[in-house]
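Visitor: I would like to learn how to read a model of this kind, one feature after another. Could we begin with a single side chain and work outward from there?

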Amino acid sequence: MASYSIHLKQCVTLYLFTLPFTLVRDLGLLMPPIVTIVSFTLMVRTTQPARISNLPFDSFLFGGL
C-alpha cells in the first residue's frame, strides 16, 4: 500500500507542476486561483486512501477496545 501511495503522490505532483504552464495561455490571470483550487483538491484526494485503509482499525471508533 505504501508504494501505491508514494507513486500516486509523485504522479499528482508532476501533473500539478506542469498544469500552470499548460493553462497560462488560456486562462491568463485566472490561472493562479484555478490551479490552487485544483492542486488543493487533488492533494487532499491523494491522502484519502491512507485514511480509509486505517479506518477499520481506528480505536476511536471502537471506544478504545
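Guide: Let us start with F40, keeping in mind that this is a predicted model. A residue counts as exposed when its relative accessible area is over 50%, and F40, at 60% relative accessibility, therefore counts as exposed. The residue sits in helix α2, and its C-alpha lies 9.9 Å from that of L16, although the two are 24 residues apart in sequence.

Visitor: What is the overall make-up of the protein in helices and strands?

Guide: The protein has two helices and zero strands. Helix α1 covers residues 2–27, while helix α2 covers 31–54.

Visitor: How much of the protein counts as buried, and what share of its accessible surface belongs to carbon and sulfur atoms?

Guide: Of the 65 residues, 11% count as buried. The accessible surface comes to about 5500 Å², and carbon and sulfur atoms account for 73% of that area.

Visitor: Which residues make up the largest nonpolar core?

Guide: The general idea is to look for buried nonpolar residues joined through side-chain atoms. In this structure the largest such core has five residues, namely V12, L16, L19, M31 and V35. Both α1 and α2 give two or more residues to this core, and the largest share, three residues, comes from α1. One of the core members, L19, touches V35 and V38 when residues up to four places away in sequence are not counted.

Visitor: Is T46 buried or exposed, and which residues does T46 touch beyond its sequence neighbours?

Guide: The cut-off for a buried residue is under 20% relative accessible area, so T46, at 6%, counts as buried. T46 is placed in helix α2, and, with residues up to four places away in sequence left out, T46 touches L8, K9 and V12.

Visitor: How should I read M43, which is also found in helix α2?

Guide: Between the two cut-offs a residue is called partly exposed, and M43 is partly exposed because its relative accessible area is 36%. Leaving aside neighbours within four places in sequence, M43 is in contact with V12, T13 and L16. A second way to relate positions is to set separation along the chain beside distance in space: M43 and K9 are 34 residues apart along the chain, yet their C-alpha atoms are separated by 7.7 Å.

Visitor: Where does L23 lie, and what does L23 touch?

Guide: L23 lies in helix α1, and with a relative accessible area of 21% L23 is partly exposed. Not counting residues up to four places away in sequence, L23 touches G28, M31 and V35. The C-alpha atoms of L23 and I34 are 9.4 Å apart in space, for a separation of 11 residues in sequence.

Visitor: How many aromatic pairs does a search of the whole structure find?

Guide: The search finds one aromatic pair. F17 and F21 form this pair, with 5.8 Å from centre to centre and 70° between the planes. Planes over 60 degrees apart count as edge-to-face, so the angle of 70° places the pair in that class. Both residues lie in helix α1, four residues apart, which is about one turn of the helix, and both F17 and F21 are exposed.

How values were computed: Residues numbered from 1 in each chain as written. Predicted model: local features only at pLDDT ≥ 70, side-chain atom pairs only at ≥ 80, totals over all residues. Heavy atoms only, no water. Buried < 20%, exposed > 50% of the residue type's maximum accessible area, 1.4 Å probe, protein only. Contact = heavy atoms within 4.5 Å. Phe/Tyr/Trp six-rings, centres within 6.5 Å; stacked < 30°, edge-to-face > 60°. Areas by Shrake-Rupley, 256 points an atom, 1.4 Å probe, with all protein chains shown as cover. Core = buried A, V, L, I, M, F, W, Y, C linked by side-chain atoms within 4.5 Å.
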